Amino acid sequence: ALNPNPSLPLAMTGLPPRQSGLLRCPSCRMFNRSKDQCVFCDHSPSTAQKAANEAAAATRTRQAGRPTPRMTSRVLADICREHSAPTCNLAVVQLHLNCVGFDAIDPCIAHYPAVESLWLERNKIDKIQHLDALKQLKCLGLNNNDIYRVEGLTHLQHLTMLNISGNRISTLTGLDALNSLSILLVADNLLRSRDDIAHLVNCHSVQELDLGGNLIDDVTAVTVLEAMPELRILILERNPIANYSGGTAAAAA
């Protein structure tokens with residue numbers, strides 16, 4: 001498998017997670033070594049987690065057949081209540097807003113400045129905005145939306161994980177200011193060439209990079225990945241380049 005830095009034993013491309021001892025959380029899609037509880041989103045088969053899942057399902061059911069809901073302070077408070085989050089917005093550290101149907105991030109999100117994990121996956125959001133006030137944010141899930149540009153993240157200096165998989169992103173930008181970013185998931189987008197991912201050269205702290213399911217067919221893209229000094233885990237499966245077996249790249253399963 002393609003390894004941009006052969007000295008790093010965990011580097012991988014198309015290898016299934018189980019071959020590296022890593023398991024992907026079914027909730028946030030992050031890799032973990034524990035099968036009992038995700039270290040990123042606290043997903044577990046516990047009764048508390050099941051209750052949270054049921055609350056999310058209730059939210060989706062309530063919104064079914066209705067116009068696209070707008071993110072408002074009242075809506076956020078209702079969702080927090082359903083997930084048994086603290087009643088005071090200043091004490092909320094995890095905000096689960098997945099599968100609600102939001103088409104935009106509203107400025108009212110700033111009312112939750114202590115949030116460390118924000119899950120906005122599977123909505124209809126097309127722009128990353130209004131997150132500047134979330135100074136403590138460490139994990140941000142924006143996968144499976146309609147985002148076409150990476151922006152609005154400059155002030156998130158504590159962000160360690162960003163999931164923007166399953167969007168419409170054709171070029172990576174706006175990540176170079178994230179000095180704490182170690183996990184970047186950009187699978188199932190529209191990245192194709194070396195120029196589309198050239199910005200990754202400036203992402204010096206990224207250790208895990210998922211580019212699977214894109215359209216990358218440019219072999220010279222490997223030079224960008226080789227220039228990422230901290231890269232430990234690399235996933236390139238379901239890209240045309242994964243089938244290349246000559247030159248600087250090896251065949252990926």
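The exchange below concerns the nonpolar cores and salt bridges of a predicted model.

Colleague: Which element gives the most residues to the largest nonpolar core?
Modeller: The largest nonpolar core has 55 residues, and those with the most contacts inside it are Leu-118 and Leu-200. The elements that contribute two or more residues to this core are α2 (73-82) and α4 (221-226). Of the elements, the one that gives the most, with four residues, is α4.

Colleague: How many residues make up the second, separate core?
Modeller: Among the members of this second core are Trp-119, Cys-139, Met-161 and Ile-183. The core is separate, and its number of residues is five.

Colleague: In the salt bridge between Asp-78 and Arg-81, which residue counts as exposed?
Modeller: Both residues lie in helix α2, three residues apart, which is about one turn of the helix, and their side chains meet at 2.8 Å, N to O. Asp-78 has a relative accessible area of 28% and is therefore partly exposed, since exposed requires over 50%. At 57% relative accessibility, the residue that counts as exposed is Arg-81.

Colleague: How many residues apart are Arg-238 and Asp-188, whose side chains meet in a salt bridge?
Modeller: The closest approach given for this pair is 2.8 Å, N to O, with Arg-238 exposed at 52% relative accessibility and Asp-188 partly exposed at 35%. Arg-238 belongs to the segment after β9 (233-235), whereas Asp-188 sits in the loop between β7 and α3 (194-197). The pair thus links distant parts of the chain, and the separation in residues is 50.

Methods: Residues are numbered from 1 along each chain as its sequence is written. This is a predicted model: local features need pLDDT of at least 70, side-chain atom pairs count only at pLDDT 80 or more; totals for chains, interfaces and linings use all residues. Side-chain values use heavy atoms; hydrogens and water are left out. A nonpolar core is a set of buried Ala, Val, Leu, Ile, Met, Phe, Trp, Tyr and Cys residues joined through side-chain atoms within 4.5 Å. Buried means under 20% relative accessible area, exposed over 50%, partly exposed in between (1.4 Å probe, protein chains only). A salt bridge is a side-chain nitrogen of Lys or Arg within 4 Å of a carboxyl oxygen of Asp or Glu.
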